[in-house]
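Q: I would like a close look at a single part of this model, with its surroundings described in a connected way. Please start from one residue and work outwards.

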Amino acid sequence: MQAPSDLALLSEFFDRYGVALTTGDIAAVAGCYALPGMVVADSYSFTFTSPAAVALSFLGAAPTYRDQRIIAANAEFLDVRQLSEALTLVAVEWEYLDSDGQALTGERFHYLLPTDSSGPRITTVVATH
């Protein structure tokens, strides 16, 4: 695990990312990514090299959240590993909250985040279910 101040920075980042995802703020989602970036899952993978490509890859997420009436996403850290001075690997389980106030079991992902003077940003996402 990292120092408390580093965890606070990561918590703030994932709070901002969760809000962007659930509100459909595609520009804010794109701003959470370092470029080039990659998403990897069992049945697909894709890369992106521009903010526009990030935005396009997440356009389908907002309607999915709306259809499921998801209004909030909370990232629970399962593991945080400092790989180098600038790279952190974070295992996250997302908990979603629907408009009735019910918690919904979310998905698990590993995120590789480089951190620079502007803070952490995602460079690689691995869906781990």
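Is Phe58 buried or exposed, and what is its relative accessible area?

A: In this predicted model, Phe58 has a relative accessible area of 13% and is therefore buried, since the cut-off for that class is under 20%. Within helix α3, Phe58 is accompanied in this respect by Val54 and Ala55, which are buried as well. These three residues cover an arc of only 100 degrees around the helix axis, so they lie on the same side of α3.

The ring of Phe58 also has a partner. Among the 13 aromatic pairs that the structure holds is the one between Tyr33 and Phe58, whose ring centres are 5.6 Å apart and whose planes stand at 40 degrees, so that the pair is tilted. Because Tyr33 belongs to strand β1 and Phe58 to helix α3, this pair ties together parts that are 25 residues apart in sequence. Tyr33 counts as buried too, with a relative accessibility of 3%.

A second aromatic pair, that of Tyr44 and Phe46, is stacked, with 6.1 Å from centre to centre and 15 degrees between the planes. Its members are both placed in the intermediate class of accessibility: Tyr44 is partly exposed at a relative accessible area of 42%, and Phe46 is partly exposed at 29%. These two pairs are part of one aromatic cluster, which takes in Tyr33, Tyr44, Phe46 and Phe58 together with Phe13, Phe14, Tyr17, Phe48, Phe77, Trp94, Phe109 and Tyr111.

Phe58 matters to the description of the open space in the model as well. The largest pocket has a volume of about 540 Å³, and of the 26 residues that line this pocket, Phe58 is one of those closest to its centre, along with Tyr44, Tyr65, Glu107 and Phe109. By class, the lining consists of 18 nonpolar, six polar and two charged residues. Helix α3 (51–58) supplies at least two residues of this lining, as do α1 (4–23), α4 (61–67) and the strands β1 (33–40), β4 (87–98), β5 (103–116) and β7 (122–127). Of the contributors, β5 gives the most, with five residues.

Some of these contributing elements have features of their own. Strand β1, which holds Tyr33, is also the place of Pro36, and the peptide bond that leads from Leu35 to Pro36 is cis, with omega near -5 degrees. Strand β4 pairs in the antiparallel sense with β3 (residues 70–82) over eleven bridges; here Ala72 stands opposite Leu97 in β4. A hairpin of four residues makes the connection from β3 to β4.

Between α4 and β3 lies a loop that contains Arg69. Although Arg69 is not a glycine, its phi is positive, at about 60 degrees. With a relative accessible area of 39%, Arg69 is partly exposed, whereas Phe58 is buried.

To draw the account of Phe58 together: the residue is buried, lies on the same side of α3 as Val54 and Ala55, forms a tilted pair with Tyr33, and is among the residues closest to the centre of the largest pocket.

How values were computed
Residues numbered from 1 in each chain as written. Predicted model: local features only at pLDDT ≥ 70, side-chain atom pairs only at ≥ 80, totals over all residues. Heavy atoms only, no water. 1 Å grid on protein atoms, 1.4 Å probe; cavity = no way out; pocket = protein on both sides within 12 Å on 5 of 7 lines; lining within 4 Å. Points joined across faces, edges and corners; volume = space filled by probe spheres on them. Nonpolar A, V, L, I, M, F, W, Y, C, P; charged D, E, K, R; others polar. Buried < 20%, exposed > 50% of the residue type's maximum accessible area, 1.4 Å probe, protein only. Arc of directions from axis to C-beta. Pairing = 2+ DSSP bridges. Phe/Tyr/Trp six-rings, centres within 6.5 Å; stacked < 30°, edge-to-face > 60°.
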